[in-house]
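User: Could you take a close look at one part of this structure for me: the charged side chains that pair up, and the strands and helices around them? I am in my first year, so please keep the steps short.

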Amino acid sequence: KPVTMPSSSAPPTKKQQKKIGNDNILHGAIIGIGVLAALAVAIGIAIIEFSGDEGSHYHFDAATLPPTGLNCQQKTGKHPGLRVFTPEMLGQYDGSNEKLPLLLSVLGKVFDVTEGAKHYGPGEGYNCFVGKANSRAFFSGEFSKVRDDVLDMTPDQIATITSWESFYDKHDSYHEIGVVTGLYFDCDGTPTPARSEVYTKIEEVAATAQKEESIMKEFPICSMHSTAEETSIQCDGGVLNPFLLKWGELPRGRCGCVDPSRASIFQESNKEAVNKPVQFADVTMLVYPGCEPLQSSCVIKRPAAAAGSARQ
């Protein structure tokens with residue numbers, strides 16, 4: 001079952017935003033002066049800074065970060081403004097250290113969700129997402145095993161996960177601040193072929209949805225009412241004619257309302273045949289058993305065995 005998104009945090013007012021911005025400028029100036037002074041007296045404290053959108057700035061002692069590995073030593077990759085994390089580094093930002101922000105990853109992108117601490121903080125319902133590269137969990141809700149790979153999932157399932165990525169991308173309070181190395185980004189922060197493949201699958205979903213929308217407009221869905229003995233179908237308004245429609249993504253078909261001109265073509269094509277399929281573009285038309293091509297409604301009787309089993 002797909003995981004339900006948390007409710008959005010209320011965005012700050014313009015007055016609050018202005019105050020936050022001013023406070024951040026003052027805070028940044030104070031920190032900057034402190035760092036310069038520290039360097040001047042050779043204290044040697046290394047400060048790591050990474051930034052997301054305006055209002056999301058943090059300064060960390062380098063000693064709090066785990067080693068990054070031989071191939072990922074750089075603070076940023078080829079894409080300035082985004083920090084490159086390893087999965088081990090990301091694990092530091094799970095809420096166990098209250099001095100560090102709350103970070104999570106979806107399909108390799110790292111988001112700062114600290115402002116949603118009431119959802120993502122320690123002990124809260126969504127804390128299980130924080131500090132992990134566990135994209136699969138955004139659909140499955142499975143946290144006992146961390147899995148970032150999603151390419152074996154169906155396009156619809158992957159679309160659910162990318163909708164989470166979009167949710168964080170567009171959220172007023174959450175900010176993308178980097179990427180995590182592994183399946184979807186390399187150590188330079190460059191997207192891998194696997195990430196491209198994810199979005200190729202999503203394009204397939206979008207194309208299917210667009211085709212379905214087009215078919216729905218061209219062949220509106222019928223009204224249907226079923227009992228144990230029969231199913232009645234009709235097209236509202238009494239002008240269109242109900243047919244069983246099939247296409248590639250829906251091989252079992254659904255009831256669709258067809259304009260009389262196409263219904264007449266079907267009838268003409270079936271003068272010497274019984275329910276011979278007729279093709280319009282990618283859609284195949286068939287009449288339901290017991291129905292006529294030019295009827296605006298009809299009743300389909302269920303076989304006796306099926307009717308009997310339905311009453312048990």
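## Charged pairs and their surroundings

Analyst: Asp152 is exposed, with a relative accessibility of 53%. Keep in mind that this is a predicted model. Asp152 has a charged partner, Arg136, and the two side chains form a salt bridge with 2.9 Å from N to O. Where do the two residues sit? Arg136 is in the loop between helix 3 (117-120) and helix 4 (137-140), while Asp152 is in the loop between helix 4 and helix 5, so the bridge ties together parts 16 residues apart in sequence. Is Arg136 buried or exposed? Its relative accessibility is 16%, so Arg136 counts as buried, the cut-off being under 20%. Asp152 is above the other cut-off, over 50%, and therefore counts as exposed. This bridge thus joins a buried residue, Arg136, to an exposed one, Asp152.

How many salt bridges does the count come to? The count is 11. Several of them link up into a network of Lys109, Glu165, Asp169, Glu176 and Arg195. Let us follow Lys109 through this network.

Start with Lys109 and Glu165. Their closest N and O atoms are 3.3 Å apart, and the pair forms a salt bridge. Lys109 belongs to strand 5 (residues 109-112) and Glu165 to helix 5 (residues 155-170), so this bridge ties together parts 56 residues apart in sequence. Both ends are out of the way. Glu165 is buried, at a relative accessible area of 3%. Lys109 is buried too, with a value of 15%.

Now take the next partner of Lys109. A salt bridge also joins the side chains of Lys109 and Glu176, at 3.9 Å from N to O. That distance passes the test because the cut-off is within 4 Å. Glu176 is in strand 6 (residues 175-180) and Lys109 in strand 5, so here the linked parts are 67 residues apart in sequence. Glu176 is partly exposed, with a relative accessible area of 22%. Put the two bridges together: Lys109 in strand 5 is joined to helix 5 through Glu165, and to strand 6 through Glu176.

What do these strands build? Strands 5 and 6 belong to an open sheet of 4 strands, in the order 3-6-5-4, with mixed pairing. At its edges are strand 3 (83-85) and strand 4 (103-106), each pairing on one side only. Neighbouring strands are turned by 40° against each other on average, ignoring direction. Look at one edge. Strand 3 pairs with strand 6 in the parallel sense, over 3 bridges. Within strand 6, Gly178 is the bridge partner of Arg83.

Helix 5 completes this corner. It lies across strand 4, strand 5 and strand 6, and runs at about 45° to strand 5. So strand 5 has helix 5 lying across it, and the salt bridge from Lys109 to Glu165 ties the two together.

One more detail comes just before strand 5. Leu107 is in the loop between strand 4 and strand 5. Its phi is positive, about 50°, although Leu107 is not a glycine. Leu107 is buried, with a relative accessible area of 1%.

For contrast, turn to another sheet. This open sheet has 3 strands in the order 7-8-13, and the pairing is antiparallel. Strand 7 (223-226) and strand 13 (297-301) are its edges, each with a single partner strand, so one side of each has no neighbour in the sheet. The twist from one strand to the next averages 15°. Strand 8 (residues 230-234) pairs with strand 13 in the antiparallel sense, over 5 bridges. Here Glu230 stands opposite Lys301 of strand 13.

A last stop shows an uncharged pair. Thr284 is part of strand 12 (residues 283-286). Its relative accessibility is 17%, so Thr284 counts as buried. A polar contact of 2.6 Å links the side chains of Thr284 and Gln279. Leaving out residues up to four places away in sequence, Thr284 touches Leu244, Leu245, Lys246, Pro277, Val278 and Gln279.

To go back to the main picture: Lys109 bridges to Glu165 and to Glu176, and the wider network also takes in Asp169 and Arg195.

How values were computed. Residues numbered from 1 in each chain as written. Predicted model: local features only at pLDDT ≥ 70, side-chain atom pairs only at ≥ 80, totals over all residues. Heavy atoms only, no water. Buried < 20%, exposed > 50% of the residue type's maximum accessible area, 1.4 Å probe, protein only. Pairing = 2+ DSSP bridges. Axes fitted to C-alpha atoms, helices over the stretch in contact; angles between N-to-C directions. Polar contact = N/O pair within 3.5 Å; in protein donor to acceptor, adjacent residues only side chain to side chain. Contact = heavy atoms within 4.5 Å.
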